[in-house]
Amino acid sequence: MAHPSVCSFISHNAALLRVSFSPSLQKRAFFSTHCIGPLCRRTTSARPNHHGLTLLLAKMDPSLDLTKRLTTVSSLSRFLEHGMKRLETAIAVFIIFVQVACPVPLSGWESWDVSPAEAVLYSPETKLPRTGELALRRAIPANTSMKAIQESLEDISYLLRIPQRKPFGTMEGNVKKALKIATDEKEAILGSIPIDLRENGSVLYASLIDGKGGLQSLIESIKDKDPDKVSVGLASSLDTVAQLELLQASGLSFLLPEQYLNYPRLTGRGMVEFTVEKGDGSLFSPESGGEGKSITKIQVVLDGYSAPLTAGNFAKLVIDGAYDGVKLNCANQAILTESRLGKDIGYSVPLEIMPSGQFEPLYKTTLSVQDGELPVLPLSVYGAVAMAHSDVSEEYSSPSQFFFYLYDKRNSGLGGISFEEGQFSVFGYTTAGREILSQIKTGDVIRSAKLVEGQDRLVLPKESL
């Protein structure tokens, strides 16, 4: 068993590892602190086995006097103790090394009880989406086979982040698993697509299997052990997966509560294009270089699958021209529109958040991230779009004021989760023009906002028709 001084060293340094290691190592450092520490503490109470020494004395040559026998046993005991300490020190160092360097969990130790709160606070591997595209893809209520394919491929994104020797063998196994599911479940995948869209679905399915950016091509890129090619091929395959899933998701996967049927609602995806102009005569700098411009465009994808009321109200406001000419204000990590656009503009929509793993949103209720609750549409993404709170009650969103969230990991909690996570109705993400957001200043103006996609999925209450 490990020596107390070694245990103290391990426990102390594991605590430091938890806050200073790179994200991929923090989870294992947490494991070392909470698992190795208690294990070592249980061993510090061990005592020498005096009964064993007594038996040894009795069995020695009786011709030796007692003093010599005690001296001999004492020397032997010191020798064994020193040897054991060296062995235990080596074992302890090996354990901490394995925890840091090896991605495979130690057998038999995975059953240690870790509360959901600790798991969220200490582990960056909460699988919280870190890009708008990833969050939007996960939010699609598609066929279970497609979701299994998606999950298998998305795991490769995490494997690509491993520095130096990347586990290409594991990546290949993931793609082959996805390919097998796609092949075995072809009938179910295509059968989940409405008849009028099935021809388009068949084309996308063929592209996913054998296309230029399909799964077969991705396997070849992995065999070449070229991370850049794998990354490009993976993005192409996941894009095709998302397109297939969108064909399958013909509407909401749940029934809205009856009391909310008189609100505008978006029963799928939509896209809004903002035209933003500098208010002080300065210029926006394009990411790719070239001449600056005083006017630029930003695109936001609205997700009605997870926030149908919030996205529906917003889409109607856009159609009504409510945001044309509205000034923007910059606050801490957010770009907000003016708080009051006028009387009787927009609906007072209840706070609407769909928890991860659930099939319908919660209304008028925030999430407890400390207890492990995370939303399908997280705020902790740069360019997330959400409604501000109502002036009257935090159980409701503002009828019209929204904001772009400028997520910054440096100002977030442990695990990279925003302190405001689960407190606002997120309903979309900036998918084009993200680089412009950091250049927007107070006084800049939304010249126009147009719903360029999704008007056919916007359901308006009868009084609005």
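Select α12 (227–248). In this predicted model, α12 supplies nine residues to the lining of the second largest pocket, the largest share of that lining. The pocket holds about 910 Å³ of space. To find its middle, show E133, D239, A242, L246 and R269 as sticks; of the 35 lining residues, these are the closest to the centre.

Next, colour the other elements that each give at least two residues to this lining: α6 (132–138), α7 (144–159), α10 (198–210) and β2 (269–277). Colouring the lining by residue class gives 16 nonpolar, eight polar and eleven charged residues.

**From the pocket to a helix pair**

Stay with α7, one of the elements of the pocket lining, and add helix α8 (residues 168–184). How do the two helices run relative to each other? Their axes cross at roughly 170° and come within 9 Å, and α7 and α8 are therefore roughly antiparallel. On the α7 side, select S145, A148, I149, S152, L153, D155, I156 and L159; on the α8 side, T170, M171, N174, V175, K177, A178, I181 and A182. Together these contact residues comprise ten nonpolar, four polar and two charged.

**The barrel**

Now go back to β2, which also contributes to the pocket lining, and follow the sheet from there. Eight strands close into a barrel, in the order β2-β3-β10-β8-β9-β5-β4-β11, with antiparallel pairing. On average, neighbouring strands are turned by 40° against each other, ignoring direction.

Zoom in on β2 with strand β3 (residues 295–303), an antiparallel pair with nine bridges. Pick E273 here and look across to Q299 in β3, its bridge partner.

Move to strand β4 (residues 326–331), which runs antiparallel to β11 and is joined to it by two bridges. Label K327 and the residue opposite, V445 in β11. β4 also pairs with strand β5 (residues 334–337), again in the antiparallel sense, through four bridges. For that pair, label L328 and T337, which stand opposite each other.

What connects β4 to β5? The two strands form a hairpin with two residues between them. Select Q333 in this turn: its phi is positive, about 60°.

**The helix across the strands**

Finally, select helix α13 (residues 308–319). Which strands does α13 lie across? They are β2, β3, β8 (384–389), β9 (397–405), β10 (425–432) and β11 (445–453). Against β11, α13 runs at about 115°. Keep β2 highlighted as the link back to the start, since β2 is among the strands under α13's crossing and also supplies residues to the pocket lining.

Technical notes: Residues are numbered from 1 along each chain as its sequence is written. This is a predicted model: local features need pLDDT of at least 70, side-chain atom pairs count only at pLDDT 80 or more; totals for chains, interfaces and linings use all residues. Side-chain values use heavy atoms; hydrogens and water are left out. On a 1 Å grid over the protein atoms alone, a cavity is a set of points where a 1.4 Å probe fits but cannot get out, and a pocket is an open set with protein on both sides within 12 Å along at least five of seven lines; lining residues have an atom within 4 Å of a point. Grid points are joined across faces, edges and corners, and a volume is the space filled by probe spheres set on the points. Ala, Val, Leu, Ile, Met, Phe, Trp, Tyr, Cys and Pro count as nonpolar, Asp, Glu, Lys and Arg as charged, and the others, Gly among them, as polar. Two strands pair if DSSP finds at least two bridges between them. Axes are lines fitted to C-alpha atoms, for helices over the stretch in contact, and angles run from 0 to 180 degrees between N-to-C directions. Contact means heavy atoms within 4.5 Å. Angles under 35 degrees count as roughly parallel, over 145 as roughly antiparallel, 65 to 115 as roughly perpendicular and the rest as oblique.
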